[in-house]
Amino acid sequence: MNVRYRVELSQAERDELTAMLGGGKHAARKLKRAQILLAADAGSCDAEIVRTVRVSLSSVGRTKRRFVEGNLERALSEEPRPGAERKLTGKEEALLVATACAKPPADRKRWTLTLLADTIVKLTDHDSLSGETVRHVDGEYVARMEDVLDLYAEAPDPVRPLVCFDETPVQLIGEVRQPIPAEPGQRERYDYEYRRNGTVNLFVTFDPHRGWRNVKVTDRRADVDYAHCMRELVDIHYPDAACIRVVQDNLSIHTAGALYQAFAPAEARRILRRLEFHYTPKHASWLNMVECEISVLQRQCLGRRIDDPKRLRNEIAAWQRPRNKTRQRIKWMFTTDKARAKLRRAYPTTSKESKPL
């Protein structure tokens, strides 16, 4: 059954799209998507949009879906196109198949995806890295990467706990028509059309050593909201810690200055004395372990229609509670040694040390 996506723009979004169409330099595809969204918001059906904007029916459906399930920026942006460069060469694929068919290591009963990936890294030559990877890897990238990886490798220290911090937007998806509850012999039935009820933000904190996570739902993602998360980290979640080491990416609000925007100078300094920030490299937020936890949250909890913030908080709490109780952890396999082996050709070349006079 095809899903219908109802586009309802806010006035700010309408103004932004109208201004985009009114002038400036934008890609033709981006302008087409703007026209699709404005026409859908005005009540035009898909067939009419196809005729007036002169796009395919699939383009209309894809743009509306990306807006409803994501946001305006995602609806206007490019998607990876079919035929993109493959992750594995034919030789590497053959090696993967041969490895999976062979006997597992002596201490394992069977192959797992993680074990296969680790084995392939050791068996393959990584001389050919993508130009995009090489372009971003420099001395600053390596320094930050190895700093984060060394933190992950350290033994747990209750006095100086390690937490990973990040945020993610969530679309609130509402029903257009009331679903029909399940009955004996009949599954729950719901309409295939739904609407976007706005967005909220999730601030996610994850302690990889304790197997503890905390998700905070906020109306927005601003420096003041970030500052309050840091104060809660210091005063509520880790009141006895001498120093909390926070791994985070390079988002503009992830700064010490955000605390001075939210609190008086004395209060901001009090909080910052208990915090130590460690930043992932630019273009490498995947090195933040909390990204894995957010992925689990999206798969297990957020992949369905949730229409209001109160219900979202209840659903997240129900997901979070048992994971914290059982102290679910992440088995992090990427280490500094593996980084030096896998990215050795991308590491900056060191110049020869000058001889003393």
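## Exercises on packing and burial

**Exercise 1.** Is Gln320 buried or exposed?

*Solution.* Gln320 has a relative accessibility of 14%, so it counts as buried; the cut-off for buried is under 20%. Keep in mind as you work that this is a predicted model. Next, place the residue: Gln320 belongs to helix H14, which covers residues 309-325. Finally, look at its surroundings. Once neighbours within four places in sequence are set aside, Gln320 is in contact with Arg213, Asn214 and Val215.

**Exercise 2.** Work out how helices H3 and H4 are arranged relative to each other, and which residues meet where they pack.

*Solution.* Start with a reminder: two packed helices are described by the angle between their axes and the distance between the axes. Here, H3 (residues 46-54) and H4 (residues 57-69) pack at about 115 degrees, and their axes are 9 Å apart. Angles of 65 to 115 degrees count as roughly perpendicular, and H3 and H4 are therefore roughly perpendicular to each other. The handedness of their crossing is right-handed.

Now turn to the residues. From H3 come Asp46, Ile49 and Val50, and they meet Leu57, Val60 and Lys64 of H4. Sorted by type, the residues of this contact are four nonpolar, no polar and two charged.

**Exercise 3.** Find which residues touch the most other members of the largest nonpolar core, and which helix gives the most to this core.

*Solution.* In soluble globular proteins, nonpolar side chains tend to be buried together. The largest nonpolar core has 37 residues, and those touching the most other members are Met145, Tyr152, Leu202, Leu297, Leu302, Leu312 and Ile316. Helices H9 (139-153), H13 (290-302) and H14, together with strands E2 (162-175), E3 (193-207) and E4 (212-218), each supply at least two residues of this core. H9 gives the most, with seven residues.

Take Leu312 as a worked case. Not counting residues up to four places away in sequence, Leu312 touches Val170, Leu172, Val200, Leu202, Val217, Leu302 and Ile306. Apart from this core lies another, of 22 residues, including Tyr238, Ile244, Val246 and Phe263.

**Exercise 4.** Where is Phe263 placed, and which residues does Phe263 touch beyond those up to four places away in sequence?

*Solution.* Phe263 sits in the loop between helix H11 (257-262) and helix H12 (265-272). With a relative accessible area of 10%, Phe263 is buried. Its contacts, with residues up to four places away in sequence left out, are Ala227, His228, Arg231, Ala268 and Ile271. For Arg231, which is 32 residues from Phe263 along the chain, the C-alpha atoms of the pair are separated by 9.9 Å.

Key
Residues numbered from 1 in each chain as written. Predicted model: local features only at pLDDT ≥ 70, side-chain atom pairs only at ≥ 80, totals over all residues. Heavy atoms only, no water. Axes fitted to C-alpha atoms, helices over the stretch in contact; angles between N-to-C directions. Helix = DSSP H or I, 4+ residues; strand = E, 2+ residues; numbered from the N terminus. Parallel < 35°, antiparallel > 145°, perpendicular 65-115°, else oblique. Left-handed = near helix turned anticlockwise from the far one by under 90°. Contact = heavy atoms within 4.5 Å. Nonpolar A, V, L, I, M, F, W, Y, C, P; charged D, E, K, R; others polar. Buried < 20%, exposed > 50% of the residue type's maximum accessible area, 1.4 Å probe, protein only. Core = buried A, V, L, I, M, F, W, Y, C linked by side-chain atoms within 4.5 Å.
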